[in-house]
Amino acid sequence: MDAYAVLGVQEGADRGQIKAAYRRAARAWHPDRHARKPTYQEAVRRMQEINEAYDFLMKQAARGNARGGPSYTPEDVLQGARALLDQGRADEALRFLLAHPLHTAPWYRLVGGARLALGQDVPAQDAFRWAMRRDPSDAASAAMYRQLRRKLQPSWYRRLARALRRLFR
């Protein structure tokens with residue numbers, strides 16, 4: 001099945017063109033429009049093809065293939081960001097990571113590292129916290145989170161918390 005032919009769009013169509021073509025085709029071949037007609041079974045079959053083509057093309061567009069842009073696997077995203085961080089290009093690494101959100105523990109750890117390199121301590125702490133939530137066994141993220149928490153927490157607050165812990169033992 002050629003998904004482009006089913007919807008009647010050219011290769012490289014953007015998401016808006018795909019959606020408009022889907023709506024036109026669905027309006028023409030929806031089984032409700034062909035109820036009590038001899039073309040009902042044909043409409044059911046065509047509607048299934050139209051839905052499959054639409055799903056396929058929208059997934060392709062989400063990955064960038066329908067727009068002709070690059071598509072990255074999760075490993076590509078993580079490796080590319082690590083390479084940029086190793087080269088000292090934290091701002092580019094952060095932009096690259098935010099453009100390709102994976103929301104996994106390694107992704108959050110790299111976002112935290114990029115933000116830390118840019119001097120954004122509070123957002124870095126948040127990213128390391130999210131990495132710990134995604135993977136509780138991630139010792140590196142936990143260590144960075146604790147280090148940033150100690151750095152950002154005022155000393156009077158630490159002394160008060162220590163005193164309260166001693167008081168309520």
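**Helix packing and loop residues**

User: H103 lies in the loop between α5 and α6, in a model that is predicted. Near what value is phi of H103?
Analyst: H103 is a residue other than glycine, yet its phi is positive. With a relative accessible area of 39%, H103 falls between the 20% and 50% limits and is therefore partly exposed. Phi of H103 is near 55 degrees.

User: Which loop residue between α2 and α3 has a positive phi, and is that residue buried or exposed?
Analyst: The loop between α2 (15–29) and α3 (40–63) contains R36, whose phi is near 60 degrees, a positive value in a residue other than glycine. Its relative accessible area is 87%, over the 50% limit, so R36 is exposed.

User: Which residues of α5 are buried, and which are exposed on the other side?
Analyst: Helix α5 spans residues 90–99, and its buried residues are A90, A93, L94, F96 and L97. These buried residues cover an arc of only 165 degrees around the axis, so they lie on the same side of α5. On the other side, the exposed residues are R95 and A99.

User: Which helices are included in what covers the buried residues of α5?
Analyst: The residues to be covered are A90, A93, L94, F96 and L97 of α5. What covers them includes α4 and α6.

User: How are α4 and α6 oriented, roughly parallel or roughly antiparallel?
Analyst: Helix α4 (residues 74–86) packs with helix α6 (residues 105–117) at an angle of about 20 degrees, and their axes are 10 Å apart. An angle under 35 degrees counts as roughly parallel. Therefore α4 is, relative to α6, roughly parallel.

User: What is the handedness of the α4 and α6 crossing, and how many charged residues are in the contact?
Analyst: The crossing of α4 and α6 is left-handed. From α4 the contact is made by V77, L78, A81, R82 and L85, and from α6 by P106, W107, L110 and A114. By class, the contact has eight nonpolar residues and no polar ones, while the number of charged residues is one.

User: Is Q125 buried or exposed, and which residues does Q125 touch?
Analyst: Q125 lies in helix α7 (residues 121–134). Its relative accessibility is 10%, under the 20% limit, so Q125 counts as buried. Leaving aside residues up to four places away in sequence, Q125 touches Y145, L148, R149 and L152.

Definitions and conventions
Residues numbered from 1 in each chain as written. Predicted model: local features only at pLDDT ≥ 70, side-chain atom pairs only at ≥ 80, totals over all residues. Heavy atoms only, no water. Axes fitted to C-alpha atoms, helices over the stretch in contact; angles between N-to-C directions. Helix = DSSP H or I, 4+ residues; strand = E, 2+ residues; numbered from the N terminus. Parallel < 35°, antiparallel > 145°, perpendicular 65-115°, else oblique. Left-handed = near helix turned anticlockwise from the far one by under 90°. Contact = heavy atoms within 4.5 Å. Nonpolar A, V, L, I, M, F, W, Y, C, P; charged D, E, K, R; others polar. Buried < 20%, exposed > 50% of the residue type's maximum accessible area, 1.4 Å probe, protein only. Arc of directions from axis to C-beta.
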